[in-house]
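Reader: Could you take me through the interior of this protein in detail, beginning with its main nonpolar core and following the elements that build it? I would like one connected account.

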Amino acid sequence: MLKKVFVALTLLMAVLAVYLALWPVPVAPVAWVAPAEPGYTGAFAVNDRLASLNMIDLGREEGPEHIAIGPDGMLYTTVASGNILRMRPDGAAQQVFVNTGGRVLGFDFDAAGNLIAADAVKGLLSVSPAKQVSVLADKVGGDPIRYADAVAVARGAGSGGRMYFSDASTRFAPADWGGTFEASVLDIIEQSSTGRILVYDPATKATRIVARGLSFANGVALSTDEKSLFVAETGKYRIWKIDVQARDLDLRAGPVAQASVLFDNLPGYPDNLMRGLDGKIWAGLVKPRNPAVDRMADKPFLRSLSLRLPRAMWPVPKAYGHVMAFTEDGKVVANMQDPTGAYPEATSITETAERLYVQSLHAKGLGWLKRMPAP
């Protein structure tokens with residue numbers, strides 16, 4: 001009997017070993033060198049300034065991923081259901097403004113009051129004040145835009161109202177891989193750096209590539225003079241500054257003449273970038289660094305193996321609330337944290353004269369804090 005049990009266990013272990021080594025996974029991991037984790041020190045010293053948020057109840061909705069005040073003075077936010085909600089700044093008079101049939105992540109408003117949406121399923125969209133939805137761009141050079149993520153609309157004289165937006169991954173489309181979060185995890189585990197920054201010109205209706213070779217291209221913000229773009233590269237813990245005139249830059253090998261790294265080796269994964277008041281830009285570090293993930297950076301096989309484990313065992317970092325604000329020359333001017341991660345996956349801050357609204361991937365409500373005026 002013992003011999004039979006031993007044989008059965010041996011066969012089971014052999015089958016498990018073959019499964020862990022050979023079972024197909026959707027990623028083809030690329031080796032890279034992760035910088036040594038800096039920890040929460042210096043400008044990112046631990047605090048609890050993001051804790052004890054006030055909450056706006058969103059009913060059955062969750063995940064206010066992006067928040068902005070529209071030309072009509074109303075607050076708009078995208079949520080996980082695919083709806084774009086509209087409400088007063090205090091959360092009253094909530095209504096569904098529109099549902100695009102996809103999943104809008106970032107958005108901005110153009111000079112005509114149209115809501116310009118980065119829809120992770122459908123591409124770059126325009127939603128008129130009358131709620132008419134039209135597709136501005138779903139391809140670039142014949143190649144599909146698979147994961148539109150964030151958008152910033154130029155408004156300055158001579159800008160032509162150009163719309164700069166990120167295509168986070170050309171490998172993993174949310175429509176094909178179970179949603180935006182699932183697709184982002186696959187892209188960051190693979191590290192094939194296929195994310196890109198695109199620009200749509202309303203005058204010519206043409207879309208071109210500004211830069212490519214980014215590991216999950218995420219948040220986008222324009223500089224005050226609209227000559228530069230700030231771009232969050234989530235998968236490699238950094239924020240770039242890129243010339244808006246650049247054309248098809250390849251950033252896989254690092255900085256080039258028209259693109260520099262403003263923040264490198266951040267203590268977490270940078271997500272949305274939002275223009276704030278007094279010249280600052282807000283960024284959310286949506287998850288903290290995971291030492292296990294960094295240790296596997298140069299071990300592609302282990303990253304493939306991790307996806308063969310039950311999903312609960314995937315190397316997804318723990319919850320930790322963290323947002324920062326910085327100036328255009330790279331000085332950190334705000335650092336707000338909640339080590340408990342009670343408000344999950346804070347993606348950035350939307351700043352008004354009265355409030356700081358906290359964006360989130362999965363929160364059940366919309367968190368906010370009273371804004372303290374600068375001294």
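## The nonpolar core and its surroundings

Author: In the largest nonpolar core, which has 35 residues, those that touch the most other members are Tyr147, Ile239, Leu266, Leu273, Met324 and Phe326. Five elements each supply at least two residues of this core, namely the helix α2 (180-190) and the strands β17, β21 (268-275), β22 (281-288) and β23 (321-326). The largest share, 5 residues, comes from α2. The model is a predicted one, and the description below should be read with that in mind.

Leu273 shows how distant parts of the chain meet in this core. If its neighbours within four places in sequence are left aside, Leu273 is in contact with Gly219, Val220 and Ala221, with Phe230, Val231 and Ala232, and with Ile239, Ile281, Trp282, Ala283, Phe326 and Ser348. There is also a second, separate core of 21 residues, whose members include Val199, Leu214, Val220 and Ala246.

The helix that gives the largest share deserves a closer look. Because 10 of the 11 residues of α2 are buried, this helix is largely enclosed by the rest of the structure. The buried positions are Thr180, Glu182, Ala183, Ser184, Val185, Leu186, Asp187, Ile188, Ile189 and Glu190, a list in which Glu and Asp residues stand beside Ala, Val, Leu and Ile. Among the elements that cover these buried residues are β6 (104-109), β21 and α4 (300-306). After the helix comes Gln191, which has a positive phi near 60 degrees.

The helix also borders an enclosed space. A search of the whole structure finds 1 cavity of 30 Å³ or more, and the volume of the largest cavity is about 470 Å³. Its lining is made up of 31 residues, of which Phe181, Ser184, Val185, Ile188 and Tyr269 are the closest to the centre. With 6 residues, α2 gives the most to this lining, and α2, β21, β22 and α4 each supply at least two residues.

The largest pocket, with a volume of about 530 Å³, has a lining of 29 residues, and the closest of these to its centre are Phe107, Asp108, Arg155, Met274 and Arg275. The strands β2 (66-69), β6, β12 (148-153), β16 (217-222), β21 and β25 (346-351) each supply at least two residues of the pocket lining, and the most, 5 residues, comes from β12. The strand β21 thus appears in the account of the core, of the cavity lining and of the pocket lining.

Another contributor to the core, β17 (residues 228-233), pairs with β18 (residues 238-243) in the antiparallel sense over 6 bridges. The two strands form a hairpin with 4 residues between them, and in its turn Tyr237 has a positive phi of about 60 degrees. Within the pairing, Phe230 stands opposite Lys241 of β18; Phe230 is also one of the contacts of Leu273. Beyond this hairpin, β18 is joined to β20 (residues 259-263) by an antiparallel pairing over 4 bridges, in which Lys241 stands opposite Ser260. In the UniProt record, an unreviewed entry, residues 161-241 are annotated as the domain "Strictosidine synthase conserved region". That span is 14% helix and 46% strand, and its end C-alpha atoms lie 20 Å apart.

Finally, β6, which helps to cover α2, leads to another buried strand. It is joined by 4 bridges to β7, the two running antiparallel, and in this pairing Val104 has Asp119 of β7 as its bridge partner. The hairpin of β6 and β7 has 5 residues between the strands, with Gly113 taking a positive phi near 85 degrees. On β7, 5 of the 5 residues are buried, so the strand is largely enclosed by the rest of the structure. Leu115, Ala117 and Asp119 point one way from β7, while Ile116 and Ala118 point the other way. In a regular strand, side chains alternate between the two faces of the sheet. Ala118 has a relative accessible area of 0%, and its contacts, leaving aside neighbours within four places in sequence, include Val104, Leu105, Gly106, Ala148, Asp149 and Val151. From β7 the pairing continues to β8 (residues 123-127) through 5 bridges in an antiparallel arrangement, where Asp119 stands opposite Gly123 and the hairpin has 3 residues between its strands.

Key: Residues are numbered from 1 along each chain as its sequence is written. This is a predicted model: local features need pLDDT of at least 70, side-chain atom pairs count only at pLDDT 80 or more; totals for chains, interfaces and linings use all residues. Side-chain values use heavy atoms; hydrogens and water are left out. UniProt positions are given in the numbering used here, feature names are shortened, and annotations may be inferred rather than shown by experiment. Two strands pair if DSSP finds at least two bridges between them. A nonpolar core is a set of buried Ala, Val, Leu, Ile, Met, Phe, Trp, Tyr and Cys residues joined through side-chain atoms within 4.5 Å. Buried means under 20% relative accessible area, exposed over 50%, partly exposed in between (1.4 Å probe, protein chains only). Contact means heavy atoms within 4.5 Å. On a 1 Å grid over the protein atoms alone, a cavity is a set of points where a 1.4 Å probe fits but cannot get out, and a pocket is an open set with protein on both sides within 12 Å along at least five of seven lines; lining residues have an atom within 4 Å of a point. Grid points are joined across faces, edges and corners, and a volume is the space filled by probe spheres set on the points.
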